[in-house]
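Dear colleague,

I am handing over the structure below, and after it you will find my notes on what turned up when I went through it. Please read them with the coordinates open beside you.

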Amino acid sequence: MEYRIRKAGVIGAGVMGATIAAHLANTRIDTVLLDIVPPQLTEEDKKKGLTEDNPEFRNKFAKKGLENALKSKPASFYLPEYAKRIKIGNLEDNLEWLKDVDWIIEVVVERLDIKQRVFEKVESVLTPGTIVTSNTSGLSARAMSEGRSENFRKHFAITHFFNPPRYMKLLELVPGPDTLPEVMEVLAEVCERVLGKGIVYAKDTPNFIANRIGIFSAFNVMRVMMEMGLSIEAVDKLTGPVIGNPKSASFRTGDLVGLDTMVHVARNVYDGVPNDERRDIFQPPDFINKMLEKNMLGQKAGQGFYKKTKDPEGKKLILSLDYNTLEYKPQEKVSIPSLGAAKNLPGTAEKIKSLYYAQDVGGQFTFKTMSETLIYAANRIPEIADDIVNVDNAMKWGFARKFGPFETWDILGVGKSVEKMKAAGYQVPGWVEEMLGQGKESFYKREAGKLLYYDIHSKDYKEVPIKPGIILLPSLKERNMEIASNPGASLIDIGDGIACLEFHSKMNAMGDDIVNMTLKAADIVSERFDGLVIANHADNFSVGANLPLVLFTAQEEEWDDLDWMIKTFQDAFMKLKYLNKPVVAAPAGMALGGGCEICLAADRVRYAAETYMGLVEVGVGLIPAGGGTKELYIRNTEHLFEVPRGGVYPKQIELMPFVARAFETIAMARVSTSGPEAVKLGYLRPTDKMTVNRDYLIEDAKKTVLAMNMEGYVPPEPKDEIRVAGENTFAMLKLAVWTMHTSGYITEHDVTVSEKVAYVLCGGRVQSDTKVTEQYLLDLEREAFLSLCGHPKTQARIQHMLNTGKPLRN
């Protein structure tokens, strides 16, 4: 049977159900969202004149869920209008809608009896071959499918999304006892390629992989904290970014998840695994039970491990909990020598090693908590997963950690850390000692450009499976596919006649190295390759220009040097724009300032769904000067001058609305919250395409280049007759800016910067409908940029951004 997922039904419109429906809608899967009919009319319903037969009343829960998804932060939808792809209803009147869907996802309360009743209802309308899955975080697939028909059981599995579904990569896929292999295959394909998830194959055990190890780690951290008398804020400093975890660390994460949810998951493990050697850890400490009694559940209750309040002067204040008294207190200043020393080391791996082997209280805490989590994870194989790769991926993708437990163990040095563990009285899993006894000193190793992992079943290394369509640049470099390189960028042969320009400077900020490699790449590709992809694997494609270099050069008043730098920057992007081979940019994460401008210079953009793009230079008192101001003007106006077939070139067009749109986007430093919003803002074209799963982004960009060549690529012709709006439109924009200033919305320096943006967009002091060249607009950009670099308030803004990471309004 051929399975296709075009329509889906989601049952349960709570936080998870509504946001899963939102993500299905993001990826163009039409979705019905159903919930129960409210038990009775409220007083508010009666005031509205609603009756129990009224659809507004009967669909209230589903409607509320959709409304909450639309209001959620971070945003659940790529664009708010995608909510139109969701149809709301209820399980009594609209159950029949499920006959027409290809995939039904159950997302109701975590109670087996309720889930079983829902599945009984679903089966009454189930079309043979429709896939049914549960989003349970820990209940058994066997128990949920018990008593159901053979057709149901064969098409039933668990698809455990993590919250928020749009952003968290992990999806745990768990089969039932009778699930067809082809059903697992189609679920993996759709969830990975369409929804952008990272698939981890888990076994049907309580709480699967991520929550089993994650909750053990969280509750064990509490136990060690209490034993050592550490504060909540001290533990969060020790368990945050310094060891590769998110900034929310342990207790801020607990507040986000909700204490009641954490305890529910822990109790599910406790009840379900009577033979777990660390079962006692899943019993909540007394202070946690008291917090539950007092409704101190975290962010949703306004108080948990932390509480937001205000000081007597009205300033925001975050208090931390004293778990001995359950009273809130000002956060203490955390001063732990090993923590301070670790923070000063380069790279997360060095930080982890430093803390783990330190002798002070920070080192002791890290050694205990990390060792016990590593041992616990190793003891869970093959109970919860067949290999270390699934465990590591689950912990990275489910909790946004930089390293999984076995990757962390490799960082520590398996042999050295095992000696320290055994000296402290810990019992190390037998298979780990056996691995070391065979002379195998790490869980992972690289050979000939391939990543291998230790497999406990064969007692040897196996290749980490890489699916077709995933291009890994580090692997290509190991196989000597690097063509040219400098400290900031590389040019790599990615096969089929296509090269990839990779940035690898700090934060991929654009300095001399990247600009020089861009120029070199253009020359090499022009002569030896069929096209160019611009991409990298960093969290952020590029955060923009090298601000410290700009500030230093301006402060030294080396204006000729700065002028040359900006001119070279512009020339590099213009060279890409008019290269005789197709250029496709593949941004993901932040593509700001120069990172946005290089995308604007490309023929096409293959963007990741999570692309946050913008021209943000005004935030530091500058304007986009790498062609960004010029390109945004062209993109907002070029459609106005297209000659209709058999028609006449337009003579007179009112440019003001289109100039104003470009001006507003730049002057307000608008950054997209998704790839589709970048299209809406004009940074990307409707012809640019999206990849939801970033793992496939470089391959998709490469395919775009190949397709452009198959179609017969012809480079664009230089634009030497660009019509500009001139000084009348410039005067109107100046008036609008001044009005905002007099109303108190912007500062005097904001006015200065905004007028520079308007000046360039309008083509300077020329008459309306004057025709100019691209180089003319680039010269205006550069002139404006240089003049602003010399302004003391701009220099203060840049310095403040470098010091704090936040914009300054002066």
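**Cis peptide bonds and unusual backbone angles**

P74 is placed in the loop that runs between α4 (60-71) and β3 (86-90), and the peptide bond that leads into P74 from K73 is cis, with an omega near 0 degrees. Please keep in mind, here and throughout, that this is a predicted model. A cis bond is also found from I381 to P382, where omega is near 10 degrees, and P382 sits in the loop between α16 (361-379) and α17 (388-399).

On the side of phi, N480 takes a positive value of about 60 degrees although it is not a glycine, and its place is the loop between α21 (473-478) and β15 (482-486). N480 counts as exposed because its relative accessibility is 70%. D496, which is likewise not a glycine, has a positive phi of about 60 degrees and belongs to the loop between β16 (489-493) and β17 (498-503). With a relative accessibility of 55%, D496 counts as exposed.

**Salt bridges**

How many salt bridges does a search of the whole structure find? The search returns 55, and I describe three pairs and one network here.

In the pair formed by R148 and E123, the closest N and O atoms are 2.6 Å apart. R148 lies in the loop between α6 (141-145) and α7 (150-154), whereas E123 belongs to helix α5 (residues 112-123), so this pair ties together parts that are 25 residues apart in sequence. R148 has a relative accessible area of 15%, and since the cut-off for buried is under 20%, R148 is classed as buried.

The pair of E227 and R223 has its closest N and O atoms 2.5 Å apart, and here both partners lie in helix α9 (residues 210-228), with a separation of 4 residues, or about one turn of the helix. R223 is partly exposed, with a relative accessible area of 24%.

E774 and K577 form a salt bridge in which the closest N and O atoms are 2.8 Å apart. Because E774 lies in helix α32 and K577 in helix α24, this pair ties together parts that are 197 residues apart in sequence. Both E774 and K577 are buried. As for the network, salt bridges that share partners join R212, D276, E277, R380 and E383 into one.

**Helices α32 and α24**

Helix α32, which covers residues 774-789 and so has 16 residues, reaches 23 Å from its first C-alpha to its last, close to the 22 Å expected at 1.5 Å a residue. The buried residues of α32 include E774, L777, L778, L780 and E781, and R782, A784, F785, L786, L788 and C789 are buried as well.

In helix α24, which holds K577, one also finds F569. F569 is buried, with a relative accessible area of 9%, and its C-alpha atom is separated by 49 Å from that of F365, although their positions lie 204 residues apart along the chain.

**Charged surface patches**

Which residues form the negative surface patch? The patch is made up of E556, E557, E558, D560 and D561. E556 has its place in the loop between α23 (547-555) and α24 (559-577), and at 45% relative accessibility E556 counts as partly exposed.

A positive surface patch is formed by K237, R252, K308, K310, K316 and K343. Of these, K308 lies in strand β9 (residues 306-310), and K308 counts as exposed because its relative accessibility is 68%.

**The segment after α33**

Finally, G805 is found in the segment that follows α33 (792-804). G805 is exposed, with a relative accessible area of 53%. The C-alpha atoms of G805 and V584 are separated by 30 Å, the two residues being 221 residues apart along the chain.

With best regards

Terms used. Residues numbered from 1 in each chain as written. Predicted model: local features only at pLDDT ≥ 70, side-chain atom pairs only at ≥ 80, totals over all residues. Heavy atoms only, no water. Patch = residues over 30% accessible without salt bridge, like charges linked within 9 Å, V, L, I, M, F, W, Y side chains within 5 Å. Areas by Shrake-Rupley, 256 points an atom, 1.4 Å probe, with all protein chains shown as cover. Salt bridge = Lys/Arg side-chain N within 4 Å of Asp/Glu carboxyl O. Lys, Arg positive; Asp, Glu negative; His and termini not counted. Charge placed at Lys NZ, Arg CZ, Asp CG, Glu CD. Helix = DSSP H or I, 4+ residues; strand = E, 2+ residues; numbered from the N terminus. Buried < 20%, exposed > 50% of the residue type's maximum accessible area, 1.4 Å probe, protein only.
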